[in-house]
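This report looks at backbone geometry, open pockets and the surroundings of a bound ligand in one model. Please read it alongside the sequence and structure shown next.

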Amino acid sequence: MARIKKKIKTITVDADKCNGCRSCEIICSAFHATPKYSSNNPARSRIQVIRHPLRDIWVPVFAGEYTAAECMGRDKYIIHGKEYDECGFCRASCPSRDIFKEPDSGLPLKCDLCDDDPPQEKPLCVQWCLNDVLKYEEREVEVEEETKPEDLEIGLDALANKYGLDKIVDAVTRKSLGKKG
Ligand code: SF4
Ligand code: SF4
């Protein structure tokens, strides 16, 4: 397999500095609205701030990969004596909870690092975080080439898991017949 140069983009989270202002959630949802910046709804954000206000604990978590099944092993976190929900800091969009899903369609959300044309200088949540919680870094590494599923494929997988493949095929057939007619 061919080796290629790959740009690795990282956002480091210094949770100790987070004050729970949620600006990151607002700008992320606005950036991904259609048309861009036409609305904001933190439920649509690809970053969610896990909150425990009484103990002044705020932990921003980024939306990661979609997963079709719940995992078998889970993690428990205890921070400053407070025990967090087993799924609290997980990045996955998964069937066992509502986080990192489009509220209307249920389709999975994933952080795309604000992919844009022309590219943003830095991801929007990093730009909007005034407390330096989020720090952006880029570096180049050499890796083996791999084929990744397209966003469309991931979306179709999620719909097929929710409604069943037959219903999706029926709906697409109806739509295409409607367009021809
Ligand atoms: S914008 Fe920064 S300080 Fe505000 S909630 Fe997000 S990470 Fe925390
Ligand atoms: S990097 Fe962009 S897409 Fe990812 S959470 Fe931040 S604002 Fe949202």
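## Backbone and cavities

Tyr37 is found in the loop between α1 and β2. The model is a predicted one, and in it Tyr37 has a phi near 65°, a positive value in a residue other than glycine. With a relative accessible area of 45%, Tyr37 is partly exposed. The loop between α1 (23-31) and β2 (47-52) also holds Pro35, and the peptide bond leading from Thr34 to Pro35 is cis, with omega near -10°.

A similar pair of features occurs further along the chain. Leu113 is placed in the loop between β5 and α2 and, although it is not a glycine, has a positive phi of about 55°. Leu113 is partly exposed, its relative accessible area being 28%. Pro118 lies in the loop between β5 (82-84) and α2 (124-128), where a cis peptide bond with omega of about 0° joins Asp117 and Pro118. As general background, most residues other than glycine have a negative phi, and most peptide bonds are trans.

The largest pocket encloses about 1,500 Å³ of space. Its lining comprises 42 residues, of which Lys110, Cys111, Asp112, Leu113 and Asp151 are the closest to its centre. The elements that contribute two or more residues to this lining are β1 (3-13), β6 (134-144) and α3 (151-163), and α3 gives the most, with eight residues. Both domain 1 (3-144) and domain 2 (151-180) supply at least three residues each to the lining of the largest pocket.

The second largest pocket has a volume of about 230 Å³. Among its 16 lining residues, Cys71, Gly73, Glu86, Cys87 and Cys90 lie nearest its centre.

Ligand 1 takes up the space that forms the largest cavity. The residues around ligand 1 are Cys18, Asn19, Gly20, Cys21, Arg22, Ser23, Cys24, Val49, Pro60, Cys129, Asn131 and Val133.

The table sets out the residue classes for these three sites.

| Site | Nonpolar | Polar | Charged |
|---|---|---|---|
| Lining of the largest pocket | 19 residues | five residues | 18 residues |
| Lining of the second largest pocket | eight residues | three residues | five residues |
| Shell around ligand 1 | seven residues | four residues | one residue |

Which residue combines a positive phi of about 55° with a place in the loop between β5 and α2? That residue is Leu113, which is also listed among those closest to the centre of the largest pocket.

Notes: Residues are numbered from 1 along each chain as its sequence is written. Chains are lettered from A and ligands numbered from 1 in the order in which they are written. This is a predicted model: local features need pLDDT of at least 70, side-chain atom pairs count only at pLDDT 80 or more; totals for chains, interfaces and linings use all residues. Side-chain values use heavy atoms; hydrogens and water are left out. A residue is near a molecule or strand if one of its heavy atoms lies within 4 Å of it. On a 1 Å grid over the protein atoms alone, a cavity is a set of points where a 1.4 Å probe fits but cannot get out, and a pocket is an open set with protein on both sides within 12 Å along at least five of seven lines; lining residues have an atom within 4 Å of a point. A molecule sits in a cavity or pocket if more than half of its atoms lie within 2 Å of its grid points. Ala, Val, Leu, Ile, Met, Phe, Trp, Tyr, Cys and Pro count as nonpolar, Asp, Glu, Lys and Arg as charged, and the others, Gly among them, as polar. Helices (H or I, at least four residues) and strands (E, at least two) are DSSP runs, numbered from the N terminus. Buried means under 20% relative accessible area, exposed over 50%, partly exposed in between (1.4 Å probe, protein chains only). Grid points are joined across faces, edges and corners, and a volume is the space filled by probe spheres set on the points. Domain bounds come from an automatic or database domain assignment.
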